[in-house]
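Here are my notes on the model, set out as numbered points. Please read them with the sequence and the coordinates open beside you.

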Amino acid sequence: MARVLVIEDNDDFRDTLAAMLRSAGHDVQCAGNGREALDMLASPAYDLLITDILMPEVDGIELLTAMRKMPSRLPVVAISGGGSMPASLALSLSTSLGASAVLFKPFHTQELLEAVDLALGA
Amino acid sequence: MSAKGPLHYAVADVIEHIGRRLQSLAYAEGLNPAQWTLLRFLARSNPSARTPTGFARFHLTTKNAATQTIDALRRKKLIRSGSHPHDQRAKLLELTSEGLRTLQRDPMNALVSALDRLPEDDLHHLARITSALAHDLYLAAGRGSAQPSKGREEDDGTRTGN
């Protein structure tokens with residue numbers, strides 16, 4: 001079981017992600033954008049971060065950039081379904097900035113859990 | 001911020017040349033750049049995303065253009081329809097063995113090899129710089145319209161909740 005922070009601005013999708021992770025036994029907390037997440041990351045209470053890329057306020061790329069300046073490196077799973085930039089670019093940027101695994105929307109529960117295991121090094 | 005000088009324009013020019021060179025290299029093996037992108041997409045994406053809609057989002061193109069690219073690669077027998085590993089009802093696109101072999105000759109490998117010759121620190125530095133540049137170019141201009149994909153998730157996004 002891992003302590004997971006999920007960052008997603010779409011309420012329904014965020015709830016779905018959290019339910020998928022909880023069903024696998026993970027302890028999940030959520031944030032609605034990167035700014036909220038950065039506040040929550042001030043305390044080192046997480047083993048893994050799962051973030052959407054295109055979000056208002058602080059987006060996933062800005063979040064990953066800010067995280068590179070933090071003393072400890074959390075494994076990250078980045079997710080994107082495209083939008084104002086191609087999903088290919090959003091996820092390549094995430095990998096460039098240190099994400100351990102990337103997922104294109106839509107994805108199956110099993111695909112999410114495999115990405116989580118990959119990021120956690122399981 | 002400093003005034004824009006010759007160095008800014010020189011670096012911009014170099015980046016443009018790299019893009020143009022890659023675009024030119026991508027007409028290889030009888031394929032065009034979009035067709036190479038589709039092969040890469042099918043090789044690297046999670047299975048549930050391997051649909052025409054998924055490719056359109058991946059490549060930021062229209063469904064119609066994505067379908068044309070898919071049809072072209074079907075005719076070349078580089079891709080085919082296959083079953084979802086976790087959902088037998090779903091039909092997904094997948095690479096054929098010939099598609100996999102073709103991808104090994106991906107013209108993008110020329111750039112990947114050039115990057116592989118960089119010292120590791122330089123590669124990480126370049127990753128940060130190119131990410132910042134791409135983020136500025138694509139996302140900053142799209143602020144306020146960054147959410148259209150969210151509204152399109154209602155049909156296939158539900159698979160995420162399976």
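1. In this predicted model, A:Ser80 of strand 4 of chain A stands opposite A:Phe104 in strand 5 of chain A. Strand 4 (residues 76-80) and strand 5 (residues 101-104) of chain A run parallel and are joined by four bridges, where pairing requires that DSSP find at least two bridges between two strands. Helices (H or I, at least four residues) and strands (E, at least two) are DSSP runs, numbered from the N terminus.

2. From strand 4 of chain A the chain crosses through helix 4 (residues 87-96) of chain A to strand 5 of chain A, in a β-α-β crossover that is right-handed; that is, with the strands pointing away from the viewer, the path from the first strand over the helix to the second runs clockwise.

3. Strand 4 of chain A is also joined by four bridges to strand 3 (residues 48-52) of chain A, and these two run parallel, with A:Ala78 as the bridge partner of A:Thr51. Strand 3, helix 3 (residues 60-67) and strand 4 of chain A make a right-handed β-α-β unit.

4. Is strand 4 of chain A mostly covered or mostly uncovered? Five of its five residues are buried (20 or more other C-beta atoms within 10 Å of the residue's own, against 12 or fewer for exposed and partly exposed in between, with C-beta atoms placed from the backbone). In a regular strand the side chains alternate between the two faces of the sheet. Here A:Val76, A:Ala78 and A:Ser80 lie on one side and A:Val77 and A:Ile79 on the other, and both faces are covered.

5. A:Val77 and A:Ala78 are among the residues that touch the most other members of the largest nonpolar core, which has 60 residues; such a core is a set of buried Ala, Val, Leu, Ile, Met, Phe, Trp, Tyr and Cys residues joined through C-beta atoms within 7 Å. Leaving aside residues up to four places away in sequence, A:Ala78 touches residues including A:Thr51, A:Leu91 and A:Val102, contact meaning backbone-placed C-beta atoms within 7 Å.

6. On confidence, the model scores ipTM 0.83 and pTM 0.83. Chain B averages a pLDDT of 85 (the predictor's confidence in each residue, from 0 to 100), but over its residues 144-159 the pLDDT is below 50, although this stretch has 23 contacts in the model beyond near neighbours in sequence.

7. On conventions, residues are numbered from 1 along each chain as its sequence is written, and chains are lettered from A and ligands numbered from 1 in the order in which they are written. Local features need pLDDT of at least 70 and side-chain atom pairs count only at pLDDT 80 or more, whereas totals for chains, interfaces and linings use all residues.

Conventions:
Two residues are in contact if their C-beta atoms, placed from the backbone, lie within 7 Å.
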